[in-house]
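Visitor: Please show me the model, and I will ask how each label was reached.

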Amino acid sequence: MKLAAHTPDPLTVRTVPVPDPGDLPARLPHPQALAWIHHGQGIVAWGEAARITIPAGPDRFTRADHHLRELFAETDIDDPLALPGTGPVAFGSFAFDPASDDSVLIVPRRILGRRDGQAWLTTIGPRHHTADPLALAHPPTPPTHLQWSDGTLTAPAWQQAVAHAVERIRHGRLGKTVLARDLNVQAAEPIDARVLLDRLATRYPGCFTFAVDGLIGATPELLIRRTDDHIDSLVLAGTTPRGATPTDDHTRAQRLYHSPKDREEHAYAADMVRDALTPLCADLRIPDHPEILTLPNVIHLASPVHGTLDRERSVLDVLAALHPTPAVCGTPTGPALDLIRELEAMDRGRYAGPVGWIDARGDGEWGIALRCAELDKADPTRARLFAGCGIVADSDPAAELAEAQAKFRAMQDAFQG
Ligand SMILES: C=C(O[C@H]1C=CC=C(C(=O)O)[C@@H]1O)C(=O)O
C-alpha cells in the first residue's frame, strides 16, 4: 500500500471566535464525527477536506508528519486566535502493529472548539469552496437490538493464552507482554458515533473521549500532549476493578499500590517512557512512585510526566519515539510484539495505537486508543470492542479476565444506554 493523499486543491482555512457552543458532541451534524474531548473542552469536527492514508511501517509517524507539513505549508491560514487546536487540524489514528496498513490522518471541513473559556469555529476548504455538503442535520439515534458475541477468542481460550504468556515470561527473557481480546456487537441500524461520544464524555469526563474514522472510545491514557516546547504524558499500567463501596475501593486501591506484581507492570511502562523522552528533552519530571487514578470502572496506577523539549519537534516526532509503550505491548518490545501476534491471533487494527490531533504549529494531544470500539467500515451496524491487560510472571489468568471485563464495561455501557 502506498501513502495516499486526497486533497482537492490548496486549502484555505479561517478560524473565528464564536459564542460558547455548549455541549460539544450535541453540535455534531452527522454520524461521521471526529472528536477529542476532555472535561468538556476540546474539538469536534466533521467533513473531510483532506485524507492521508499511511501505509504499514515503523516510519509511519514520521511519514505522516512529513506529509502533513507539506499540506499545511501550502495552506492559506487566517487564524487570529493562534491557540492549540485553532487553524487547520488533522485528526489521526495509527495502527498498533507496524505491519498493519490502517493508519489515517483526516483534515476536516469544520472544527468547533472550546478551551479555557474561548470557543472557535474553523472552516477549511479548497479555495473558492462555498457549499458545505454536510450542513444537513441528521439527528442522533441510539443503537437498538444489540447482539453481543465473542471475537477471536472465547473467554476460556483467552485465559489459556494468558497462561501461556505467563509460562513464556517465567522461562524466557521477556519481562512483560500485554494481551487483548475483542468482542463483537451487532445493532439493528448503523451505529451513530455521536450517541457513544455523548455517553462516554458524560460518564468519563476525566478520560479523553475520541472519534476518528470510526474508532470511538474514552481513553484514560495520555500518550503525549505538546504545547509549544512543553510536553505532558500520563503513564498507566497496573489495574484493579472498582469496588462495590467506598471502603472496598479504598482497600482495592491500597492493595494495588502495594502489589509487587502491579508495581512491576507499571515500572516497565514508566521506565520506557523515561528512556524514550530523556534524549528529546531539556528537562523531564517523572515521580519516583505512581499515583492512584480512580475511574468509574477501574482503578489504575498512574505516573504523570512533564518535560521541556530540547528543540523544535512536532507532537508526531515525539509520539514516534514512544509507540508502542509497555502499557500496550511489553518489554522488550520486539519479543513482546511477537508473542502478542502469536497468542492473540487477531489484528488489533487501531486499538492500542496512538489517536489524537495535530495542528499546523505541531501542537497536539494523542492518547493510546483504549476502552474503544472500531465500527465495521463494510457494515456500520457492526463494531468490535477491545480490552487488554499487562501480563507479568505473577499474573493470574482469572484475575486478568475480570480486569479485561471491567475495561470492556466503558464501551459496553456506552452501547447499552
Ligand atoms: C491495554 C489496556 O490497558 C492498559 C492501560 C492501563 C492499564 C493496563 C493494565 O493494568 O493492564 C494496560 O496496560 C486496555 O485497556 O485495553
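Guide: This is a predicted model. The shell around the ligand divides into nine nonpolar, five polar and three charged residues.

Visitor: What makes a glycine polar in that division?
Guide: The division places Gly among the polar residues, while Leu counts as nonpolar. Of the 17 residues around the ligand, those that come nearest are Leu236, Thr239, Leu370, Gly388 and Gly390.

Visitor: Which strands each supply at least two residues of the shell around the ligand?
Guide: Strand S12 (176-186), strand S16 (230-241) and strand S24 (382-391) each do so.

Visitor: Why are H3 and H8 called oblique to each other?
Guide: The axes of helix H3 (residues 193-203) and helix H8 (residues 397-416) cross at roughly 125°. Angles of 65 to 115 degrees count as roughly perpendicular and those over 145 as roughly antiparallel. The crossing falls in neither range, and H3 and H8 are therefore oblique. The crossing is also right-handed.

Visitor: Which residues make the contact between H3 and H8?
Guide: H3 contributes Leu196, Arg199 and Leu200, and H8 contributes Ala410, Ala414 and Phe415. By class, the contact of H3 with H8 has five nonpolar, no polar and one charged residues. Arg counts as charged, whereas Leu, Ala and Phe count as nonpolar. The axes of the two helices come within 9 Å.

Visitor: Where does the domain name come from, and which residues does it cover?
Guide: UniProt, in an unreviewed entry, lists residues 157-407 as "domain: Chorismate-utilising enzyme C-terminal". In the model, that span is 34% helix and 35% strand. The end C-alpha atoms of residues 157-407 lie 18 Å apart.

Visitor: What is the omega of the bond that joins His323 and Pro324?
Guide: Omega is about -5°, and the peptide bond is cis. Pro324 sits in the loop between helix H6 (315-322) and strand S20 (330-331).

Visitor: Is the peptide bond from Thr331 to Pro332 cis or trans?
Guide: That bond is cis, with omega near -10°. Pro332 belongs to the loop between S20 and helix H7 (333-344).

Visitor: Why are such bonds worth listing?
Guide: Because most peptide bonds are trans.

Visitor: What is the phi of Asp116?
Guide: Asp116 has a positive phi of about 45°, although it is not a glycine. Most residues other than glycine have a negative phi. Asp116 lies in the loop between strand S9 (110-115) and strand S10 (118-126).

Terms used. Residues are numbered from 1 along each chain as its sequence is written. This is a predicted model: local features need pLDDT of at least 70, side-chain atom pairs count only at pLDDT 80 or more; totals for chains, interfaces and linings use all residues. Axes are lines fitted to C-alpha atoms, for helices over the stretch in contact, and angles run from 0 to 180 degrees between N-to-C directions. Helices (H or I, at least four residues) and strands (E, at least two) are DSSP runs, numbered from the N terminus. Angles under 35 degrees count as roughly parallel, over 145 as roughly antiparallel, 65 to 115 as roughly perpendicular and the rest as oblique. A crossing is left-handed if the near helix is turned anticlockwise from the far one by less than a right angle, and right-handed if clockwise. Two residues are in contact if their C-beta atoms, placed from the backbone, lie within 7 Å. A residue is near a molecule or strand if its C-beta atom, placed from the backbone, lies within 6 Å of it. UniProt positions are given in the numbering used here, feature names are shortened, and annotations may be inferred rather than shown by experiment.
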